[in-house]
Amino acid sequence: MTDQFLTDREVAERLGVSKATVWRHAAAGILPRPVKLGHSSRWPESDIAEAVDRLKAQRDGEAA
């Protein structure tokens, strides 16, 4: 199975944030950096899912 590549708009919609927030989080290392495909930047769907899982684990670890 291959990953679907998501645009910044699609990532923003899935996370419920703005496109600017997606880029800020990528620059800060909260989200992975995108893959360059020609002149476009795209995020593999699995990278976003892994980032969300990591953030959930951090949250759950801090609550304990």
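Which residue follows H2, and is its phi positive or negative? The residue after H2 is Gly-29, and its phi is positive, near 85°. The structure described here is a predicted model, and the sections below take its helices, its strands and its N-terminal segment in turn.

## Helix H2 and its cover

Helix H2 spans residues 19-28. Three of its residues, Thr-21, Val-22 and Ala-26, are buried. These residues lie on the same side of H2, because the arc they cover around the axis is only 135°. The cover over the buried residues of H2 includes helix H1 (8-15) as well as E3.

The other side of H2 carries Arg-24, Ala-27 and Ala-28, which are exposed. Beyond the helix comes Gly-29, with the positive phi already noted.

## Strand pairing

Strand E3 comprises residues 40-44 and pairs with E1 in the antiparallel sense, over two bridges. Within this pairing, Phe-5 stands opposite Pro-44 of E3.

E3 also runs antiparallel to strand E2 (residues 35-37), to which it is joined by three bridges. Lys-36 has Ser-41 in E3 as its bridge partner. The hairpin formed by E2 and E3 has two residues between the strands, and Gly-38 there takes a positive phi near 65°. E3 thus has a part in two strand pairings, and E3 is also among the elements that cover the buried residues of H2.

## The N-terminal segment and Gln-4

Gln-4 belongs to the segment before E1. Gln-4 counts as partly exposed because its relative accessibility is 40%, a value between the limits of 20% for buried and 50% for exposed.

Leaving aside residues up to four places away in sequence, Gln-4 touches Arg-14, Trp-43, Pro-44 and Glu-45. Gln-4 and Ser-46 are 42 residues apart in sequence, yet their C-alpha atoms are 8.1 Å apart in space.

## Phe-5 and the nonpolar surface patch

Phe-5 lies in strand E1, which consists of residues 5-6. With a relative accessible area of 37%, Phe-5 is partly exposed.

Phe-5 also contributes to a nonpolar patch on the surface, together with Val-35 and Leu-37. The area of this patch is about 230 Å². Phe-5 can enter such a patch because its relative accessible area of 37% meets the requirement of over 30%. Residues 35-37 make up strand E2, and the patch therefore draws on residues of both E1 and E2.

Definitions and conventions:
Residues are numbered from 1 along each chain as its sequence is written. This is a predicted model: local features need pLDDT of at least 70, side-chain atom pairs count only at pLDDT 80 or more; totals for chains, interfaces and linings use all residues. Side-chain values use heavy atoms; hydrogens and water are left out. Patches are made of residues with over 30% relative accessible area and no salt bridge: like charges are joined within 9 Å, nonpolar side chains (Val, Leu, Ile, Met, Phe, Trp, Tyr) within 5 Å. Accessible areas come from the Shrake-Rupley method with a 1.4 Å probe; for residues, only the protein chains shown count as cover. A salt bridge is a side-chain nitrogen of Lys or Arg within 4 Å of a carboxyl oxygen of Asp or Glu. Helices (H or I, at least four residues) and strands (E, at least two) are DSSP runs, numbered from the N terminus. Buried means under 20% relative accessible area, exposed over 50%, partly exposed in between (1.4 Å probe, protein chains only). Contact means heavy atoms within 4.5 Å. Two strands pair if DSSP finds at least two bridges between them. The arc is that of the directions from the helix axis to the C-beta atoms.
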